[in-house]
Amino acid sequence: MSQPAAARPTGAAAWIVLAAGVSAALHVGKLPPAIGALQASLGITLVQAGFLLSLVQLAAVLLGIVAGLTAEGLGLRRCLLGGLAVLSLAGAAGGFAHGPGALLALRAVEGLGFLMATVPAPSLIRRNVPLQSVTRMLGFWGAFMPFGTALALLAGPLVIAAAGWPTWWWGTAAASALMALAVWLGVPADGAAPAMASVASAPAAGWRQRLAQTLGAGGPWLGALTFGFYSAQWLAVVGFLPTLYTQAGWGGARGAVLTALVAAVNMSGNIAAGRLLHRGVRPQALLWTGFGAMALGAWLAFSGATAELPALRYAGALLFSSVGGLIPGTLFALAPTLAPGERTIATTVGWMQQWSALGQLAGPPVVAWLASHVGGWQWTWAVTAGCCVAGALLAGRIARRLSADV
């Protein structure tokens with residue numbers, strides 16, 4: 001059967017892939033605004049809420065690099081379509097859940113769909129844009145997660161208040177189904193894009209060889225570990241902001257808008273990273289700036305010293321998210337450079353996703369446990385500060401590696 005996607009402009013195809021990533025991110029971001037409703041209707045605890053936040057990343061923790069290998073073997077577009085289909089089915093089924101156990105299991109299935117949809121995306125974008133636009137477009141790709149999360153934080157409370165949390169689950173499932181149709185119609189079939197010519201001419205490599213090349217090189221490890229220390233703190237902070245602001249009396253529409261803005265400003269850092277790298281700014285400078293801002297922002301947002309200064313606390317959350325966005329934007333743009341070869345880019349991205357997911361799996365429960373143990377959120381900044389120090393040290397290693405490759 002002929003594929004209608006082959007005739008579409010390649011620039012449009014890249015934007016469709018980006019929109020598909022946003023629809024996948026909705027499934028991660030749909031949980032925070034629903035925590036209160038889930039506690040009321042299903043009786044989930046705060047720690048269970050932490051696992052619901054992070055369990056969507058379980059598949060990536062276990063299978064991130066496998067997804068990269070599969071995407072390169074099965075086909076990038078096919079993998080993306082499969083991921084969107086899994087998200088649609090699992091999300092729709094989640095709306096019928098009657099207990100925490102079923103919801104937890106379906107969140108894990110959604111995690112598999114999220115992984116399948118996002119791992120091939122950077123390579124799909126890269127092959128559908130001109131070479132001179134790759135860095136900037138990958139910066140936009142780095143913003144898919146905060147954009148989807150902000151959209152979910154803003155729309156979720158409205159939908160839940162009007163129609164209940166199951167309808168919110170069904171709505172995000174429908175969005176992924178629509179994006180699957182858009183990908184089918186608008187993204188060139190695997191092997192059909194003109195940009196694939198240089199890659200197709202390279203000799204094929206088996207999955208064992210690609211796996212050995214990826215895990216045997218230092219670049220993928222550095223990118224993956226750095227991503228892990230970033231994502232652990234970002235989801236932990238942003239994921240619990242609705243709960244924190246409700247406790248502070250900023251519930252309802254006000255809390256939703258404030259939280260959505262914190263997530264949304266992360267896009268500015270991602271997009272700025274792509275533009276600054278395109279202009280020649282050193283990657284390590286962007287990474288160090290991002291981790292430094294996250295450490296300071298988390299201290300301002302959670303420290304007992306700012307307890308009576310709500311405006312300063314909110315400014316700290318904005319600083320944490322906005323300048324911290326330089327980190328994923330830089331790492332996604334560096335993925336082709338950190339990968340040991342052209343045919344291992346998706347595998348490298350999968351490895352980065354695996355460690356990013358590990359951070360997201362561990363971060364929210366650790367922060368929730370600490371808040372429950374000390375009776376508040378005042379020591380959250382200590383967890384994020386530790387992640388920032390580790391990330392900054394890894395950024396220095398990345399800088400030395402990039403200098404050695406020049």
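Me: Buried means under 20% relative accessible area, exposed means over 50%, and partly exposed lies in between (1.4 Å probe, protein chains only). What makes W221 partly exposed?

Reply: W221 has a relative accessible area of 33%. That value lies between 20% and 50%, so partly exposed is the term. The model is predicted: local features need pLDDT of at least 70, side-chain atom pairs count only at pLDDT 80 or more, and totals for chains, interfaces and linings use all residues. Numbering runs from 1 along each chain as its sequence is written, and side-chain values use heavy atoms, with hydrogens and water left out.

Me: Why are W221 and W351 called an edge-to-face aromatic pair?

Reply: Rings of Phe, Tyr and Trp (its six-membered ring) pair if their centres lie within 6.5 Å; planes under 30 degrees apart are stacked, over 60 edge-to-face, and the rest tilted. The W221 and W351 centres are 5.0 Å apart, and the planes make an angle of 80°. Both values meet the rule, so the pair is edge-to-face.

Me: What makes this a link between distant parts of the chain?

Reply: W221 sits in helix α13 and W351 in helix α19, 130 residues apart. Helices here are DSSP runs of H or I, at least four residues, numbered from the N terminus. W351 is buried, because its relative accessibility is 9%.

Me: How do you know that W165 and W169 are edge-to-face too?

Reply: Their centres are 5.3 Å apart, with 85° between the planes. The distance is within the pairing limit and the angle is over the edge-to-face limit, so the term fits. The two residues are four places apart in helix α10 (residues 165–186), which means a separation of about one helical turn. An α-helix has 3.6 residues a turn, so residues three or four places apart point the same way.

Me: Are W165 and W169 buried or exposed?

Reply: Buried. W165 has a relative accessible area of 8%. W169 has 1%.

Me: How many aromatic pairs are there, and which residues make up a cluster?

Reply: The structure holds twelve aromatic pairs. Ring pairs join F114, W141, F144, F227, Y230 and F332 into a cluster.

Me: Which residues of that kind turn up again at the largest cavity?

Reply: F227 and Y230 do, being among the lining residues nearest its centre, along with M145, S356 and Q360. The lining has 16 residues.

Me: What makes a space in this model a cavity?

Reply: On a 1 Å grid over the protein atoms alone, a cavity is a set of points where a 1.4 Å probe fits but cannot get out; lining residues have an atom within 4 Å of a point. Points are joined across faces, edges and corners, and the volume is the space filled by probe spheres set on them. The search finds four cavities of 30 Å³ or more. The largest holds about 180 Å³.

Me: Which helix gives the largest share of that lining, and how many charged residues does the lining have?

Reply: Helix α13 gives five residues, the largest share. The lining has ten nonpolar, six polar and no charged residues. Here Ala, Val, Leu, Ile, Met, Phe, Trp, Tyr, Cys and Pro count as nonpolar, Asp, Glu, Lys and Arg as charged, and the others, Gly among them, as polar.

Me: Why is there no disulfide at C387?

Reply: A disulfide is a pair of cysteine sulfur atoms within 2.5 Å. The closest cysteine sulfur to that of C387 is in C388, at 6.9 Å, so it is too far for a bond. The count for the structure is zero. C387 is buried, because its relative accessible area is 12%. C79 is buried as well, at 3%.

Me: How do you know that the buried residues of α2 line one face?

Reply: In helix α2 (residues 35–42) the buried residues are I35, L38 and L42. Seen down the axis, they fall within an arc of 65°, so they line one face. The arc is that of the directions from the helix axis to the C-beta atoms. After α2 comes G43, with a positive phi near 70°.

Me: What makes A13 count as buried, and how far is A13 from V187?

Reply: A13, in helix α1 (residues 10–29), has 0% relative accessibility, so it is buried. A13 and V187 are 174 residues apart in sequence and 4.7 Å apart in space, C-alpha to C-alpha.

Definitions and conventions: 1 Å grid on protein atoms, 1.4 Å probe; cavity = no way out; pocket = protein on both sides within 12 Å on 5 of 7 lines; lining within 4 Å.
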